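Biologist: Before us is a model that I should like to understand step by step. May I put some questions to you about its strands, helices, loops and pockets?

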Amino acid sequence: MTTYLNADLHCHSVVSDGTLTPEALAARAAGNGVELWALTDHDEVGGQHRAAAAARENGMRYLTGTEISVTFANETVHIVGLGFDPDDAAMTQGLYDTRGGRGKRAQEMAEGLAKVGITGAYEGALKFVGNPELISRTHFARFLVESGVCKDTYEVFRKYLTEGKPGYVPHRWASLKSAVQWITEAKGIAVIAHPGRYKFTANEEYALFLEFQAHGGRAIEVVTGSHTPAEYVEYADKAIEFGFAGSRGSDFHSPDESHMDLGKLPLLPGKLTPVWELLEHRIQ
């Protein structure tokens, strides 16, 4: 396989904070020309067998996936796992433990919103949740749009759900070491998701890449929905500098909310080793 492959290795279903089922996502991906697909729900592998079956039905090849929330330098960083055994016991337990803090955090978010006059936010957010263990800021954002408080989810995050705003509650996630270890010990490859999104200084980003590499991480997302064309170039160069493979994924959540549709990204720059070349033996 080459870089000239329409691979989409980052998206979300109703199992975490997407709005489509794994089956509907598979059909949409195939309809958009995706050849190699991965479903990467947040801190969850519950949709993997459904996604793999749906990929087969739609004529796509499939890699297992998840997106693990980790805390690094007091920031939340996302690590995508690809090609792992979805039934691996240590990984399943680790993800369960990582999800565990979300319920309490959600209650505290609702309390913060109530203090500025937005009542019933927890119950309202739950209406949008496919998996109550994975209630997140995105579900609160959908409730605030539905109830007319904001015109879209971007406005909600800006006004209510980022640091310093009424509904923001930090959460300590898994460690970087644990996340990479779960993925690699389950025979997968760890990937830093959308590195351009984190508010790191150059030194902090360098430290993230070094520590990730030291724990066994082997790839970064280069072409992804939240990166600009300039960041495609920047992170392709950084991948080469560190010896990382490159990954590609839309980070699609919903037809109504996402910047980028499944399968519609530019191709991975040809100078990179695609992460799927490292995972050929794990592709279904």
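Modeller: Please do; I note only that this is a predicted model.

Biologist: Is strand S8 largely enclosed by the rest of the structure or left open, and how many of its five residues are buried?

Modeller: As a general rule, side chains in a regular strand alternate between the two faces of the sheet. On one side of S8 lie Ala245, Ser247 and Gly249, on the other Gly246 and Arg248, and all are buried. Strand S8 (residues 245-249) is therefore largely enclosed by the rest of the structure, the number of buried residues being five of the five.

Biologist: In which sense do S7 and S8 pair, and over how many bridges?

Modeller: Strands of a sheet pair through backbone hydrogen bonds, either parallel or antiparallel. One position in this pairing is Ile220, which stands opposite Gly246 in S8. Strand S7 (residues 219-224) pairs with S8 in the parallel sense, over five bridges.

Biologist: Which helix joins S7 and S8 in a β-α-β unit?

Modeller: The unit made with S7 and S8 is right-handed. Its helical member comprises residues 229-242 and is helix H10.

Biologist: How are S4 and S5 paired, and which residue in S5 is the bridge partner of Glu67?

Modeller: S4 and S5 pair in the antiparallel sense over eight bridges. They form a hairpin with two residues between them, and in the turn Ala73 has a positive phi of about 50°. In S5, the residue bridged to Glu67 is Val80.

Biologist: How many of the eight residues of S4 are buried?

Modeller: One side of S4 carries Gly65, Glu67, Ser69 and Thr71, and the other carries Thr66, Ile68, Val70 and Phe72. Both faces are covered, with all of these residues buried. The count for S4 is thus eight of its eight residues, which means that the strand is mostly covered.

Biologist: Which strands stand at the edges of the open sheet formed by S1, S2 and S3?

Modeller: The order in this open sheet is S1-S2-S3, and the pairing is parallel. Two of the strands each have a single partner strand, so one side of each is left without a neighbour in the sheet; they are S1 (7-8) and S3 (61-62).

Biologist: Which residue in S2 is the bridge partner of Ala7?

Modeller: S1 pairs with strand S2 (residues 36-37) in the parallel sense over two bridges. The partner of Ala7 in S2 is Leu36.

Biologist: Over what arc around the axis of H2 do its buried residues lie?

Modeller: The buried residues of helix H2 (residues 48-57) are Gln48, Ala51, Ala52, Ala54 and Ala55. They are on the same side of H2, because the arc they cover around the axis is only 165°. On the other side of H2 the exposed residues are His49, Arg56 and Glu57. The arc of the buried residues is 165°.

Biologist: Is Met60 buried or exposed?

Modeller: Met60 is found in the loop between H2 and S3. Its C-alpha atom is separated by 9.2 Å from that of Gly33, which is 27 residues apart along the chain. A relative accessibility of 5% is under the 20% cut-off, so Met60 counts as buried.

Biologist: Is Lys187 or His194 the exposed residue?

Modeller: Most residues other than glycine have a negative phi. Lys187, in the loop between helix H8 (176-185) and strand S6 (189-192), has a positive phi near 75°, and His194, in the loop between S6 and helix H9 (202-214), has a positive phi near 25°. At 0% relative accessibility His194 counts as buried. At 58% relative accessibility, the exposed residue is Lys187.

Biologist: Which helix gives the largest share of the lining of the largest pocket?

Modeller: The largest pocket holds about 1500 Å³ of space. Of the 43 residues that line this pocket, the closest to its centre are His78, Arg137, Phe157, Thr162 and Arg197. The lining divides into 11 nonpolar, 19 polar and 13 charged residues. Its largest share, five residues, comes from H7.

Technical notes
Residues numbered from 1 in each chain as written. Predicted model: local features only at pLDDT ≥ 70, side-chain atom pairs only at ≥ 80, totals over all residues. Heavy atoms only, no water. Pairing = 2+ DSSP bridges. Helix = DSSP H or I, 4+ residues; strand = E, 2+ residues; numbered from the N terminus. 1 Å grid on protein atoms, 1.4 Å probe; cavity = no way out; pocket = protein on both sides within 12 Å on 5 of 7 lines; lining within 4 Å. Points joined across faces, edges and corners; volume = space filled by probe spheres on them. Nonpolar A, V, L, I, M, F, W, Y, C, P; charged D, E, K, R; others polar. Buried < 20%, exposed > 50% of the residue type's maximum accessible area, 1.4 Å probe, protein only. Right-handed = clockwise from strand over helix to strand, strands pointing away. Arc of directions from axis to C-beta.
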